[in-house]
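Trainee: Please take a close look at the cysteines of this protein. Which of them are paired, and where do the pairs sit?

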Amino acid sequence: ATIDPNGKCTNGIDRIYTHRTNAADDNSKLNPWPNDKYLNVWVAKTLALGGGVLAYATFPSSNFYGYPSQGVLMKSNVVGSIGTSNLQYSITLTHEIGHYLNLSHCWGNSAVATACGDDGVLDTPETKGHQNACSTADLFTPICTVNGTSNPYNFSKVTLTSGVTDTTAAPVSASAGAVFGRFSAVGVAANSSDVSSFAFANWTTGGILANSDTTFALLTGSLNTSQYYEVTVTPNARNSATLNNISFTFQRSGTGVRSFAVRSSVDGYTNNLPASAGSSSFLSVRSGNQFFSVYDTTSTIFGSLISLGGASYTNFMSPITFRFYGWNAEDASGTFSIDDVSLMGTVGPLENIQNYMDYTWCLPTQTMFTYGQKDRMRAALRNVVGQRDNLSINSNLLATGTDAGTHAICAPYPDFFANRNNICTGGTVTFTKNILNGAATGTATWSFPGGTPSSSTLASPTVKYNTPGVYDVKLVAGNSTGTDSVIKTYYIKVNGGATSIGPSVEPFEDLTRFWSWQVYNFDENPHTWGLTKTGYNSSQSVIMEAYGNYKNDVDELISPSFDLSMLTNASLTFRCAAGSIAQVALDLNDALNIYSSNDCGQTWALRTTLQGPTFINDGFHSEYFVPTSASQWKLQTVAIPNSLATSDIRFKFEYVTGSKSNNIYIDDINLDGTVGMDENNLEANKISIYPNPATQTSKISYHLIKKSEIKIALVDVLGKKIMETTNTQTEGDYSFLVSKQDLNLKNGIYFVKFSIDNNTITKKLIISE
């Protein structure tokens, strides 16, 4: 299409930067164009369906998918034959469009390669289906319909006047998959010498009439290539046959042939086919695969067997003719009679492995839809079911610009994305342009305030940021039709280090402080993280507004950096109030993933996932959920390994919407632990803070068991030092008074860092009204 649904010029490609490219499903089918005018094809990085599924499409009757999701969803590495795809995968889209136009797999709806089935199209044979099966054996071996061919020729219609061609019906019906021709006699008498058997005279002589048991060595004749019986096997179209051997009975008159052999058209009748006589004492096989009648007998001799092997007689599709030669008759009236001739093997229709609707990759020859499949697809394009009937009519082709003789060059519509938005000072970001209608001859110019370089014309530049701050990025795109630009404000955040040291708390009471947190609303919808006027024993908290949202939306809330390098046994705790519109536990499928990062958010390590009833602690709420009491807030705890309690750690709260989600609230985030040493080691010093919480003053009391250097510091939640005192004191009891008025303290949370001879413990102090 060259015209989009709004009547604007387009190249038919809409690039969307979204997390839904991972584990894509129907919820990943973003921005669908009208299904009655366009065939939508969504391309994603991975699919949610397992089992090696590369793509899937909606059938015309698949109304349960809903109107917007009609079309094809496929992995990016199976599109076309270049880039991350290859020739093998290049037929994937053709296969899926077959489904979109009402074609089933060739084997029907069952699992591939499990049971023979049919797709309901008359000219596609029954098949099990195949996966990556393109060998000669795969292509030409019947599997689902296999007919035996052992029924013998019995020559029941042969008479003394029936001529040189047998008129008896073929022993194997042509409906089995091949035409088994009638026997004919060449270069011998005009009629059979016997009835109900093929017994002609006038063969080349060479036997000794006077000696009834002529030995093989005394025979003088040789095979005459112009005298033979012949029969032809012709597989039907789209069928193949395999012949394993030929068995028959032999009989001669009193002066008939003593030698015979069988040849085929495979080698131009050059060599005798492998012969054996079984256990018969009346028949032997001599050099060159010649049968020899040991005795001058007229009895029927059983056991003549021709072995057929190799590729020439396996799954053949072209006619093969067999010739039975006789010679060394004792006189011209002697006969060579054969009967009960069985061409033993199998025949059946080929499975249509090279069909687009199979799972094989027989390229470059796999270019096949049958006539019946084409008729079915055309019928889908004429049927109102699924709204396919409008796609190919002239008015729609004109409206969408599909049949335009020359496609206009559209003005570019620029967009871009970055491999990361949150970095440390001195970190780098790689940007990638995403220009709709960006022709190869177009231009793209970047601007990077605060970055090095500050501008670029590369398609995917890498930029370094050396100064903490928040920066915009601009991209200008142009071609012969026009120029446009896009600016993303506050797009890159460069972190300058930890905003607080040691134990920290976030009560979400200060809007300015909340700005140091980052919110990523990937789908740019109304459902994301933000501040709200309800909290746990407070007036505010942060809300993930999930009520009314769709499944698998992902939103992130990322903390500023904290310095926990002095902590051991650290933990992250927070209060959470979570509701759901689900009424059964199975539908509690939303999740809160909590990650940590020690490299400014370049990589994240999953710390825990909250799911199910342990996460949705407030149960069913059919309306917009708002917690109304402290009892609705559950304490959640996340352990922080000592190895991760570094001078630069941040946390990410990633919420994944379920199918029946409601709002999620988080408040009172605390980072706590032991500073410097285990509290148990300072237990003898009996350190206490009372009262706590305090309204005006609080006394820090302690006992020294020996002369020590004492340091007491008071810091706020941002790590700012309010006061510090240092003394050397002898054994005894001591106290220190913290005054709200003297220190000009505001209501809130503070931390008392108490050090004895460089061993430090931190305790929380709350100042309230």
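Mentor: A disulfide here is a pair of cysteine sulfur atoms within 2.5 Å. By that cut-off, Cys116 and Cys144 are joined, with an S to S distance of 2.1 Å. The model is a predicted one, and a search of the whole structure finds three disulfides.

To stay with the pair just named, Cys116 and Cys144 form a left-handed link, with -95° about the S-S bond. Cys116 belongs to the loop between α1 (92–100) and α2 (136–140), while Cys144 belongs to the loop between α2 and β4 (147–148), so the disulfide ties together parts 28 residues apart in sequence. Cys116 is partly exposed, its relative accessible area being 32%. Cys144 has a relative accessible area of 19%; because buried means under 20%, this residue counts as buried.

Another disulfide runs from Cys9 to Cys410, with 1.7 Å from S to S. The torsion about its S-S bond is about -75°, so the Cys9 and Cys410 disulfide is left-handed. Cys9 is found in the segment before β1 (41–44) and Cys410 in the loop between α4 (394–399) and β18 (416–418), so this pair ties together parts that lie 401 residues apart in sequence. Cys9 is partly exposed at 34% relative accessible area, whereas Cys410 is buried at 5%.

The remaining pair is Cys424 and Cys600, whose sulfur atoms are 1.3 Å apart. With 100° about the S-S bond, the link of Cys424 and Cys600 is right-handed. Distant parts of the chain are linked here: Cys424 is in strand β19 (residues 422–424) and Cys600 is in the loop between β35 (591–597) and β36 (605–611), 176 residues apart. Cys600 is buried, with 1% relative accessibility.

Cys106, by contrast, is in no disulfide. The nearest cysteine sulfur to Cys106 is that of Cys144, 11 Å away. Cys106 is also buried, at 1% relative accessibility. Cys576 is buried as well, with a relative accessible area of 0%.

For the wider setting, the protein is divided into domain 1 (147–349), domain 2 (413–495), domain 3 (500–675) and domain 4 (688–767). Taken over C-alpha atoms, the centres of domain 1 and domain 4 are separated by 114 Å.

Definitions and conventions: Residues are numbered from 1 along each chain as its sequence is written. This is a predicted model: local features need pLDDT of at least 70, side-chain atom pairs count only at pLDDT 80 or more; totals for chains, interfaces and linings use all residues. Side-chain values use heavy atoms; hydrogens and water are left out. Domain bounds come from an automatic or database domain assignment. Helices (H or I, at least four residues) and strands (E, at least two) are DSSP runs, numbered from the N terminus. Buried means under 20% relative accessible area, exposed over 50%, partly exposed in between (1.4 Å probe, protein chains only).
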